[in-house]
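I sat down with this model to see how its sheet and its core fit together. My notes are below, in the order I looked things up.

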Amino acid sequence: MSSQSQKKEIKPVKIKDSDIRYTQNSTFKLIDELTGIDFKKAYDPTPKDPKVNSLNLDWKHKDIFLNPPFSKAKVFVKKLLDDMDKFKEIKNALIILPWYFVEDYKDRVSSAAKWYKSLRNRMSQYNFKRFHLKNQPFKRPDGKEVLVRVYAIYLSR
């Protein structure tokens, strides 16, 4: 097999239950109002089955909705950008991220935000828009609802 046809395998990431948050209909409705796209119908590569490593799949879909496990967000966002670079079929992508990755403070930069800032330039090539969604309800695997202050990063071509 030639090196061009070989695909670099990405190691599976361990996702803790405490890191899983399911997006609720009210958040999808708000995103639809902001973008004009029903991202509830979009491809969602977020791991739901621990046996499937979605990081090794091609995310070659018109619309992609990404609510990554926040502790592994960098890996998922980088994968999304790599696939957007590779596949022109991807027209719209929406990423849900917590406030502490996205908010920019001149006097301090959290270590959590450094990866986001490093990928921000790549995001800007895709008509980058940032929406502060404020506190949104998410369900945990145990069924409890939690409010999380998040941003929606909307990328389009």
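These entries go from the sheet to its middle strand, then to the core and one residue in S5.

**Entry 1, the sheet.** I'm working from a predicted model. I began with the strand order and found an open sheet of five strands, S1-S4-S5-S3-S2, with mixed pairing. S1 (22-23) and S2 sit at the edges with a single partner strand each, so each has one side without a neighbour in the sheet. I then checked H1, which packs on the sheet and touches S1, S2, S3, S4 and S5. The direction of H1 makes about 165° with that of S4.

**Entry 2, partners of S3.** Next I looked at who pairs with S3. With S2 the pairing is parallel, over four bridges, and Leu-66 has Ile-95 of S3 as its bridge partner. To get from S2 to S3 the chain passes through H2, and this β-α-β crossover is right-handed. H2 itself lies across S2, S3 and S5, at about 165° to S3. With S5 the pairing of S3 is antiparallel, over seven bridges. Two pairs I noted there: Ile-96 has Ala-152 of S5 as its bridge partner, and Ile-95 stands opposite Ile-153.

**Entry 3, how enclosed is S3?** I asked myself how many of the seven residues of S3 are buried. The count is seven of seven, so the strand is largely enclosed by the rest of the structure. I sorted them by direction: Asn-92, Leu-94, Ile-96 and Pro-98 point one way, Ala-93, Ile-95 and Leu-97 the other, and all are buried.

**Entry 4, the core.** I pulled up the largest nonpolar core and got 43 residues, with Leu-97, Ile-153 and Leu-155 having the most contacts inside it. Elements giving two or more residues include H1 (25-35), H2 (73-86), H4 (111-124) and S4 (129-139). S5 supplies the largest share, eight residues. I listed contacts for Leu-97, skipping neighbours within four places in sequence; among them are Pro-68, Phe-70, Val-77, Val-102, Trp-115, Tyr-116 and Ile-153. Arg-149 is on that contact list for Leu-97 too.

**Entry 5, Ser-156.** Last, I wondered whether Ser-156 is buried or exposed. Ser-156 belongs to strand S5. Its relative accessibility is 12%, and the cut-off for buried is under 20%, so Ser-156 counts as buried. Beyond its neighbours within four places in sequence, Ser-156 is in contact with Lys-91, Asn-92, Tyr-126 and Asn-127. I had already met Asn-92 as one of the buried residues of S3.

Technical notes:
Residues are numbered from 1 along each chain as its sequence is written. This is a predicted model: local features need pLDDT of at least 70, side-chain atom pairs count only at pLDDT 80 or more; totals for chains, interfaces and linings use all residues. Side-chain values use heavy atoms; hydrogens and water are left out. A nonpolar core is a set of buried Ala, Val, Leu, Ile, Met, Phe, Trp, Tyr and Cys residues joined through side-chain atoms within 4.5 Å. Buried means under 20% relative accessible area, exposed over 50%, partly exposed in between (1.4 Å probe, protein chains only). Contact means heavy atoms within 4.5 Å. Two strands pair if DSSP finds at least two bridges between them. A crossover is right-handed if, with the strands pointing away from the viewer, the path from the first strand over the helix to the second runs clockwise. Axes are lines fitted to C-alpha atoms, for helices over the stretch in contact, and angles run from 0 to 180 degrees between N-to-C directions.
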